[in-house]
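Please open the model in the viewer and keep the sequence panel visible. The tour proceeds from the whole chain to single residues.

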Amino acid sequence: YYLDTDGVDDWMEVKPTLNLGEQWWHVGAWQSDTDGKYVFATTASFKGALRHAASVWKWRNAADTGQETLINFDPTTLHVLTVEQAGTNSISGRANGANSAGVIAPYDDSGDAQGLALFSQENDNFNKGLDGRFYGGSWGQEALDSDQREITEAYIASLAGITLP
């Protein structure tokens, strides 16, 4: 089972909203159909959102000069995506339990309205949302150790019918 979004008007604010200015994590199974769409936003600024672009997942960089590859993995293929932000200056990603592009320094959007919305570039309205499928996910704020991350990744993968290594 999955949510099949068309990238035109589907978006969902998550309540209660999370304070995503500092440490947080997300594990979810995504698949994108159209280049340049956003899967989730953590603030009212488009600079705090995960985007599918040029066959990779990207996040706005700290210098605000563009977007850096968060995960070097083709988003058109169904997979489990894990994103972890340790603070306003450190974010990393994984696909199917591995294959990370490494830690990047993201744009510091902690001064913007915090909160979470799915399938949008901003958390306060629909903008350039995901054209694709969302198979399920989990968000949190506390530290996610490697054992907890592996358990969460395996659970989401099982929902999506993916076998992790």
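The stops below give a selection and then describe what is found there.

**The whole chain**

Begin with a cartoon of the complete chain, bearing in mind that this is a predicted model. The secondary structure consists of eleven strands and one helix, and in sequence order the pattern is β-β-β-β-β-β-β-β-β-β-β-α. Switch to C-alpha atoms: along the principal axes they fill a box of roughly 40 × 35 × 30 Å. The radius of gyration is 14 Å, which agrees with the value near 15 Å for a compact globule of 165 residues. Of the contacts with a separation of 6 or more, 63% join residues 24 or more positions apart.

**Surface and charges**

Next, display the accessible surface. The chain exposes about 7,200 Å², of which carbon and sulfur atoms supply 46%. Buried residues account for 52% of the 165 residues. Then colour by charge: there are 10 positive and 23 negative charges, and their mean positions are 5 Å apart.

**The nonpolar cores**

Select Trp30, Phe40, Leu50, Trp59, Leu70 and Val83, shown as sticks. These residues touch the most other members of the largest nonpolar core, which has 22 residues. Several strands each supply at least two residues of this core, including strand 3 (24–32), strand 4 (38–43), strand 8 (79–87) and strand 11 (131–140). Another core, of ten residues, lies apart from it; Val27, Leu144, Ala160 and Ile162 are among its members.

**Threonine 42**

Move to threonine 42, in strand 4. Is threonine 42 buried or exposed? Its relative accessible area is 1%, so threonine 42 is buried, the cut-off for that class being under 20%. Select its contacts beyond four places in sequence: Leu20, Trp24, Gly48, Trp59, Asp109, Ala113, Gln114, Gly115 and Asn123.

**Two loop residues with positive phi**

Most residues other than glycine have a negative phi. The last two stops depart from that pattern.

- Asparagine 99 lies in the loop between strand 9 and strand 10. Its phi is positive, at about 60°, although the residue is not a glycine. With a relative accessible area of 37%, asparagine 99 is partly exposed.
- Lysine 128 is placed in the loop between strand 10 and strand 11. Phi of lysine 128 is likewise positive, near 55°. At 44% relative accessibility, lysine 128 counts as partly exposed.

Terms used:
Residues are numbered from 1 along each chain as its sequence is written. This is a predicted model: local features need pLDDT of at least 70, side-chain atom pairs count only at pLDDT 80 or more; totals for chains, interfaces and linings use all residues. Side-chain values use heavy atoms; hydrogens and water are left out. Helices (H or I, at least four residues) and strands (E, at least two) are DSSP runs, numbered from the N terminus. The radius of gyration is taken over C-alpha atoms; the globule rule is 2.2 Å times the number of residues to the power 0.38. Buried means under 20% relative accessible area, exposed over 50%, partly exposed in between (1.4 Å probe, protein chains only). Contact means heavy atoms within 4.5 Å. Accessible areas come from the Shrake-Rupley method with a 1.4 Å probe; for residues, only the protein chains shown count as cover. Lys and Arg count as positive and Asp and Glu as negative; His and the chain ends are not counted. The place of a charge is taken as NZ of Lys, CZ of Arg, CG of Asp or CD of Glu. A nonpolar core is a set of buried Ala, Val, Leu, Ile, Met, Phe, Trp, Tyr and Cys residues joined through side-chain atoms within 4.5 Å.
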